[in-house]
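Reader: Can you walk me through this one? I'd like the set-up, then the packing, then any oddities.

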Amino acid sequence: MQGKVLSLDYLARARAFTHEHGLALHLDGARLYNAAVKLGVEAREIARHFDSVSVCLSKGLGAPVGSVLCGSTALIAKARRLRKMVGGGMRQAGSLAAAGLYALDHQVQRLADDHANAQWLGEALREAGYPVEPVQTNMVYVQMGDRHQAFKDFAGERGIALSTAPRLRMVTHMDVNRAQLEQVVQAFVEFLAQMTGAGRLIERFYRINTLYHRQRADIMRPFAVAPSDDVAHWPLAAASVEEPNEKRRNP
C-alpha cells in the first residue's frame with residue numbers, strides 16, 4: 001500500500017469477506033515486517049488472516065536475494081511442482097538461505113530506524129516547502145510535478161541518483177544513514193531556491209518590461225497625431241510619397 005499500513009481490523013474484515021464468498025486471500029508481503037514493526041505486533045498476527053504469504057528477504061531486511069512462500073502443506077507441494085516445471089529450482093542455495101536466516105534473526109527490529117529516518121526526511125522536506133504525503137513506514141512520497149526531471153539532473157550533479165516521477169518516491173533502508181539524508185534534503189533546498197530565484201527573475205523582467213512600455217507611451221503621447229485619410233495633411237508622409245514621382249519625371 002505504498003508505505004501505508006492496513007489495520008488488523010481491516011485485515012479481519014477482508015478475511016471474513018473472502019470466506020463468505022469462497023475466495024482465497026494472498027498476502028504479497030514484500031514489506032510484511034515493516035508493517036509488523038509499525039503496528040508493534042509479530043508478523044504472524046498479520047499473516048494469520050491470509051491463506052498464503054510471500055515474504056521478501058532482500059528489501060528492508062537486507063538479504064542479498066530471496067523470497068519465501070508460506071502456506072499450507074498442499075499449497076507448498078503444488079508450488080514446488082510448478083517451480084520445477086518452469087525451471088525455477090536452484091542448486092546449492094545454502095549460502096543464500098543462510099543470509100535470509102540472518103536477516104530474519106537480526107534485521108527485523110532495526111526496521112524502526114528506517115521508519116524514523118523516513119519520518120525525519122518527510123518532515124524536513126515539508127518544512128523546506130515541498131508537498132509531502134504522510135509517512136508511516138520507510139517510504140516518502142513528494143509531489144514534484146513537472147519539475148521532476150530537472151530535479152533528477154540537479155541531484156545527479158551532486159552525486160544523488162534518483163528515479164524520478166511527478167510523484168517522487170524515496171525509500172529508506174539499512175544502507176542509508178542520517179548524514180546522507182541531510183545531503184538529500186540540502187539538494188532539495190538548493191533546487192527550490194534555484195527554481196524560486198529563476199521565477200523571481202522572470203517576474204522582475206516582465207515587471208520592468210511593462211514599466212518600460214508604459215513610460216515610453218507617456219513620452220510619445222504629446223507627439224501623437226490623430227489618424228486621417230488625407231495624407232497631404234502629414235508633411236513627412238506627403239514628401240515620402242511625392243519624391244519618387246518627382247524623380248520619375250526628372251530622371
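Author: Here is a quick tour, starting with how the values were obtained. This is a predicted model, where local features need pLDDT of at least 70 and side-chain atom pairs count only at pLDDT 80 or more, while totals for chains, interfaces and linings use all residues. Residues are numbered from 1 along each chain as its sequence is written, and side-chain values use heavy atoms, with hydrogens and water left out.

Reader: Fine. How many helices and strands does the protein have?

Author: 9 helices and 5 strands. Helices (H or I, at least four residues) and strands (E, at least two) are DSSP runs, numbered from the N terminus. Along the sequence the pattern reads α-β-α-α-β-β-α-α-α-β-α-β-α-α.

Reader: What share of the residues is buried?

Author: 29% of the 251 residues. Buried means under 20% relative accessible area, exposed over 50%, partly exposed in between (1.4 Å probe, protein chains only).

Reader: And the surface: how much area does the protein expose?

Author: About 17200 Å², with carbon and sulfur atoms supplying 56% of it. Those areas come from the Shrake-Rupley method with a 1.4 Å probe; for residues, only the protein chains shown count as cover.

Reader: What about contacts between residues far apart in sequence?

Author: Take the contacts with a separation of 6 or more: residues 24 or more positions apart account for 60% of them. Contact means heavy atoms within 4.5 Å.

Reader: On to the packing. Which residues have the most contacts inside the largest nonpolar core?

Author: L125, Y130, M170 and F188, in a core of 24 residues. Helix 6 (111-127), strand 4 (139-143), helix 7, strand 5 (167-171) and helix 8 each give two or more residues to this core. Helix 8 provides the largest share, 7 residues. A nonpolar core here is a set of buried Ala, Val, Leu, Ile, Met, Phe, Trp, Tyr and Cys residues joined through side-chain atoms within 4.5 Å.

Reader: Zoom in on L125. What does L125 touch?

Author: Y130, V132, V142, M170, V185 and F188, leaving out residues up to four places away in sequence. Apart from this core lies another, of 20 residues, including L32, L57, A103 and L111.

Reader: How many aromatic pairs are there?

Author: A search of the whole structure finds 4. One of them, F151 with F191, is edge-to-face, at 5.2 Å centre to centre and 70° between the planes. F151 lies in helix 7 (residues 148-156) and F191 in helix 8 (residues 178-220), so the pair ties together parts 40 residues apart in sequence. For the cut-offs, rings of Phe, Tyr and Trp (its six-membered ring) pair if their centres lie within 6.5 Å; planes under 30 degrees apart count as stacked, over 60 as edge-to-face and the rest as tilted.

Reader: Is that pair buried or exposed?

Author: Buried. F151 has a relative accessible area of 1%, and F191 has 1%. One aromatic cluster takes in Y130, F151, F154, F188 and F191.

Reader: Which charges sit over rings?

Author: R158 lies over the face of F154, 3.5 Å from the ring centre. R167 lies over the face of Y141, at 4.0 Å. The test is NZ of Lys or CZ of Arg within 6 Å of the ring centre and within 35 degrees of the ring normal.

Reader: Switching to helix 2. How many of its residues are buried?

Author: 6 of its 8, namely L32, Y33, N34, A35, A36 and V37. The cover includes strand 1 (26-29), helix 3 (43-47), strand 2 (52-56), helix 5 and helix 6.

Reader: N34 is a polar one. What does the N34 side chain make a polar contact with?

Author: The side chain of H115, at 3.0 Å. A polar contact is a pair of N or O atoms within 3.5 Å; within protein, one must be able to donate a hydrogen and the other to accept it, and residues adjacent in sequence count only if both atoms are side-chain atoms. N34 counts as buried, at 4% relative accessibility. Beyond its neighbours within four places in sequence, N34 is in contact with L111, H115, T137 and N138.

Reader: Last topic, backbone oddities. Where is Q92?

Author: In the loop between helix 4 (73-85) and helix 5 (94-106). Q92 has a positive phi, near 50°, and is not a glycine. Q92 is exposed, with a relative accessible area of 75%. Just after helix 2, G40 also takes a positive phi, about 75°.
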